[in-house]
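Work through the exercises below with the sequence and the 3D structure open. Try each task before reading its solution.

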Amino acid sequence: MNEKYINDKKNASITILGIESSCDDTSAAIIRDGVILSNVVAGQKVHEEYGGVVPELASRAHQQNIIPVVDRAIVRAGISKNEISAVAFTRGPGLLGSLLVGTSFAKGFSLAAGIPLIEVNHLQGHVLALFIKEKVGEYNPPKFPFLCLLVSGGNSQIILVHDYLHMEVIGQTIDDAAGEAFDKCAKVMGLPYPGGPHVDRLSQQGDPHRFTFSKPRIAGLNYSFSGLKTSFLYFLRNNLKENENFIEENLNDLCASLQHTIIDILLNKLKKAAKETGIKEITVAGGVSANSGLRNALKENAKKYHWNLIIPKFEYTMDNAAMIAITGYYKYLNVEFAGQDVVPFARTQL
């Protein structure tokens, strides 16, 4: 059926409905021939009071949001359901209950519409977000091969991207990711969840060299952030013994020094990867790529090492369905469809 469908549609526009539900954001997007028509995201405020995402609450919220979000995406795109060529969904990694909601909806939509179903790796989606075209404005995607620093809440990886659907992880965290280090350290300072954006904002008023924290010594291109997290916790505990107002009185400098350390760890390995591979086409993706300090540091290094640096627009750095739809578009072109027996997975690699 899929082969016949491709033959029937080969002269028509390709319109992909993308669905993202891997964590606490329900999102739907429409992409036509690689151009974004709509990208709707419904966040979940319920997790803020718990200081982190509660999986059961997340999956319930996805159930409530999925239909109105998809409907809004189709309306904003100005198309009808009959124009959709295929539905792409996040298969993993992520929270299993949340993924089940998106997977189940995508299966039902695919069956009802008689269109192909496309599974998408969430991490691959972050990388291919760099190829989203907009109706107006510049389109400046990276050239193959390129290096991508993928930094999100649960992942820190250096990826060698050979082609749209051929990616090789050459370095990754062996424990916590950079995003987790931001959020966990922010939590012990009493900052709201998610902590990363708050650390970024406060660090802009602080001295990044005021405090020094532990940096890991990991061979090769792999990362580790658990030691930094422990070092930061002990540093706060020791100083709070002498001054109970230490965090409050030094909050900006603490955030700036923490952010400087995390960025330094990330970029040291990225610079090493660029040197070892000889690649100067450098990109960044994932939620942490929205961090202003990381973006500025990347720009400084790009000037110093003559990199061609590509940084995605802010709205495509966070979890969103546009990145799932663009990945679905390239998989559609490659006739990579899934069956109705596909199941989500909580953990996976590229």
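Three exercises follow, on two helix pairs and a sheet.

The model is predicted: local features need pLDDT of at least 70, side-chain atom pairs count only at pLDDT 80 or more, and totals for chains, interfaces and linings use all residues. Residues are numbered from 1 along each chain as its sequence is written, and side-chain values use heavy atoms, with hydrogens and water left out.

**Exercise 1.** Describe how helix 2 and helix 3 cross, and sort the residues of their contact.

Step 1. Locate helix 2 at residues 55-77 and helix 3 at residues 96-113; helices are DSSP runs of H or I with at least four residues, strands are runs of E with at least two, and both are numbered from the N terminus.

Step 2. The two axes come within 8 Å and cross at roughly 30°. Axes are lines fitted to C-alpha atoms, for helices over the stretch in contact, and angles run from 0 to 180 degrees between N-to-C directions.

Step 3. Helix 2 is therefore roughly parallel to helix 3 (angles under 35 degrees count as roughly parallel).

Step 4. From helix 2, Ala58, Ser59, His62, Gln63, Ile66, Ile67 and Val70 take part; from helix 3, Gly97, Ser98, Val101 and Phe105. Contact means heavy atoms within 4.5 Å.

Step 5. These residues of the contact of helix 2 with helix 3 comprise six nonpolar, five polar and no charged (Ala, Val, Leu, Ile, Met, Phe, Trp, Tyr, Cys and Pro count as nonpolar, Asp, Glu, Lys and Arg as charged, and the others, Gly among them, as polar).

**Exercise 2.** Do the same for helix 5 and helix 7.

Step 1. The axes of helix 5 (residues 178-188) and helix 7 (residues 226-242) come within 10 Å and cross at roughly 10°, so the two helices are roughly parallel to each other.

Step 2. Lys184, Cys185 and Val188 of helix 5 meet Lys229, Phe232, Leu233 and Leu236 of helix 7.

Step 3. The residues of this contact of helix 5 with helix 7 are five nonpolar, no polar and two charged.

**Exercise 3.** Which strands stand at the edges of the sheet, and what packs on it?

Step 1. Five strands form an open sheet with mixed pairing, in the order 8-7-6-9-10; two strands pair if DSSP finds at least two bridges between them.

Step 2. Strand 8 (166-172) and strand 10 (308-310) are at the edges; each has a single partner strand, so one side of each lacks a neighbour in the sheet.

Step 3. Strand 6 (residues 146-151) and strand 9 (residues 281-285) run parallel, joined by four bridges. Leu150 has Ala285 in strand 9 as its bridge partner.

Step 4. Helix 8 (residues 246-277) packs on the sheet and touches strand 6, strand 7 (156-163), strand 8 and strand 9. The direction of helix 8 makes about 160° with that of strand 6.

Key:
Angles under 35 degrees count as roughly parallel, over 145 as roughly antiparallel, 65 to 115 as roughly perpendicular and the rest as oblique.
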